[in-house]
Amino acid sequence: STAANNGALVVNGGLGVGQNVTVGGGISAINYISSTGPISVVTGNAATASNNFDSPPFTASAKFFNGTASTIDTWSIKNMLGTGPTPTSTLSIDHTAGSTGQKYVSFPTGNVGIGTATPAFPLEVVGTSKFSGQMMLGGGSAANPSLAFVNAGTGLYWAGTAQVAIATGGTERLRVDGGGKVGISEGAPQALLHVTNSATGVVGGQEVLRLSGNTPGGTIGAGPYVQFSNNSNVLTGKIAAPSEGTNLAGIAFSTFNSSQSETMRITGTGKVGIGTSTPTAKLDVQGGSIRSVASAGSSYSNSSATGIDWTLSNNQTLTAPCTTTTFANIPDGATYNLAVTDTSASTCTFAAAGLAFFFSPANGSRIAGLPTVYSFTRIGSNVFVSWTVMNPQ
């Protein structure tokens with residue numbers, strides 16, 4: 001039965017239609033109760049082993065003036081099935097004709113749930129999601145990141161022009177700026193990696209970076225390291241912390257000369273080896289010599305013969321009489337030169353605690369008015385001395 005003609009089709013009972021029906025007004029199902037049956041659009045085709053059939057679409061058409069004539073704009077909703085006995089089922093909402101302007105699907109109020117019937121947010125998705133295009137997020141902040149996780153203040157956000165940051169607990173922890181520089185606890189990184197420890201008043205210093213390796217205790221040579229390379233990916237340098245035994249590790253430095261090799265080692269017991277990875281003294285140099293100067297290109301001058309310190313330079317002068325000369329800090333395994341410029345004809349004597357001096361030629365008087373050069377080579381507790389009176393050219 002129908003109600004009075006008011007431009008609408010009103011159905012109080014059932015209605016079966018075998019062909020298209022065009023209604024200029026609305027269609028109403030009076031006293032419709034959802035649990036007793038839906039309003040349905042069903043395909044009339046029977047599925048077969050080789051074919052599944054989509055539903056006919058619900059269409060919603062509006063009209064707009066396109067500048068010359070009234071034009072129809074249409075959206076449709078349909079159930080689309082895939083193939084086979086367990087097909088995918090897709091509810092398609094499609095703009096099929098009309099305006100070329102922006103298209104929107106709008107829900108003015110309420111929440112939308114995908115994978116849940118009780119969404120608690122404007123959009124709540126339960127399950128795995130995939131975005132094939134671009135997802136635009138608002139600016140956000142450390143306290144309220146745009147892409148947030150369960151914990152408050154934890155997530156990803158836009159930190160400024162061409163900058164992105166990660167926050168935890170409402171505090172920025174990492175930032176990537178527009179130039180590709182990465183700051184860890186540093187909001188204005190000045191290098192490709194800039195790490196800052198902002199703690200103050202820390203006795204003993206601040207830990208900024210820690211490198212750990214899965215090193216079995218006592219495995220000789222195992223340990224974490226930092227590798228350097230050039231733009232051709234040739235390994236040019238390395239700093240390692242190799243194990244030297246149980247509860248013992250050193251620091252090893254490798255450099256590049258046609259190939260990479262270890263050139264210096266500081267052992268866990270404090271010995272320094274240059275040219276050797278197993279130094280046996282506090283400073284053990286192999287394969288070369290040591291040069292020590294007070295400053296580049298200069299020697300050191302003494303006005304007193306008491307307590308000459310050879311750590312200041314390997315080449316020194318003495319302007320005072322050398323009759324009683326004492327040395328301090330004359331390291332083992334090196335050669336030292338002393339030019340005595342005093343004009344007297346005295347005989348120089350030399351002494352250092354715990355050391356014996358041997359001369360060649362035998363020690364004797366100098367020639368008045370001429371400088372004398374003494375060379376000292378210390379080997380263990382002995383110092384071997386050679387000396388020469390220098391004549392002017």
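**Exercise 1. What pLDDT does the chain average, and what share of the residues score at least 70?**

Keep in mind that this is a predicted model.

- Step 1: Start with the whole chain, which averages a pLDDT of 86.
- Step 2: Now the share: 86% of the residues score at least 70.
- Step 3: Look at the two ends of the scale. Confidence is lowest in strand E2 (residues 27-29), with a mean of 53, and highest in strand E28 (residues 356-359), at 97.
- Step 4: A word of caution: where pLDDT is low, don't read the predicted coordinates in detail.

**Exercise 2. Work out whether His-95 is buried or exposed, then find its partners.**

- Step 1: Find the residue. His-95 sits in strand E5 (residues 89-97).
- Step 2: Check its relative accessible area, which is 17%. Buried means under 20%, so His-95 counts as buried.
- Step 3: Look for polar partners. The side chains of His-95 and Asp-73 share a polar contact of 2.6 Å. The His-95 side chain also reaches the backbone oxygen of Ala-97, at 3.3 Å.
- Step 4: Skip the neighbours within four places in sequence, and His-95 is in contact with Asp-73, Thr-74, Trp-75 and Lys-103.

**Exercise 3. Find which cysteines form a disulfide, and describe the link.**

- Step 1: Count first: there is 1 disulfide.
- Step 2: Name the pair. Cys-322 is joined to Cys-348, with S to S at 1.6 Å.
- Step 3: Place them. Cys-322 is in the loop between strands E24 and E25, Cys-348 is in the loop between strands E26 and E27, and the two are 26 residues apart.
- Step 4: Get the handedness. The angle about the S-S bond is -70 degrees, and the link is left-handed.
- Step 5: Finish with exposure: both Cys-322 and Cys-348 are buried.

Note on methods:
Residues are numbered from 1 along each chain as its sequence is written. This is a predicted model: local features need pLDDT of at least 70, side-chain atom pairs count only at pLDDT 80 or more; totals for chains, interfaces and linings use all residues. Side-chain values use heavy atoms; hydrogens and water are left out. Helices (H or I, at least four residues) and strands (E, at least two) are DSSP runs, numbered from the N terminus. Buried means under 20% relative accessible area, exposed over 50%, partly exposed in between (1.4 Å probe, protein chains only). A polar contact is a pair of N or O atoms within 3.5 Å; within protein, one must be able to donate a hydrogen and the other to accept it, and residues adjacent in sequence count only if both atoms are side-chain atoms. Contact means heavy atoms within 4.5 Å. pLDDT is the predictor's confidence in each residue, from 0 to 100. A disulfide is a pair of cysteine sulfur atoms within 2.5 Å.
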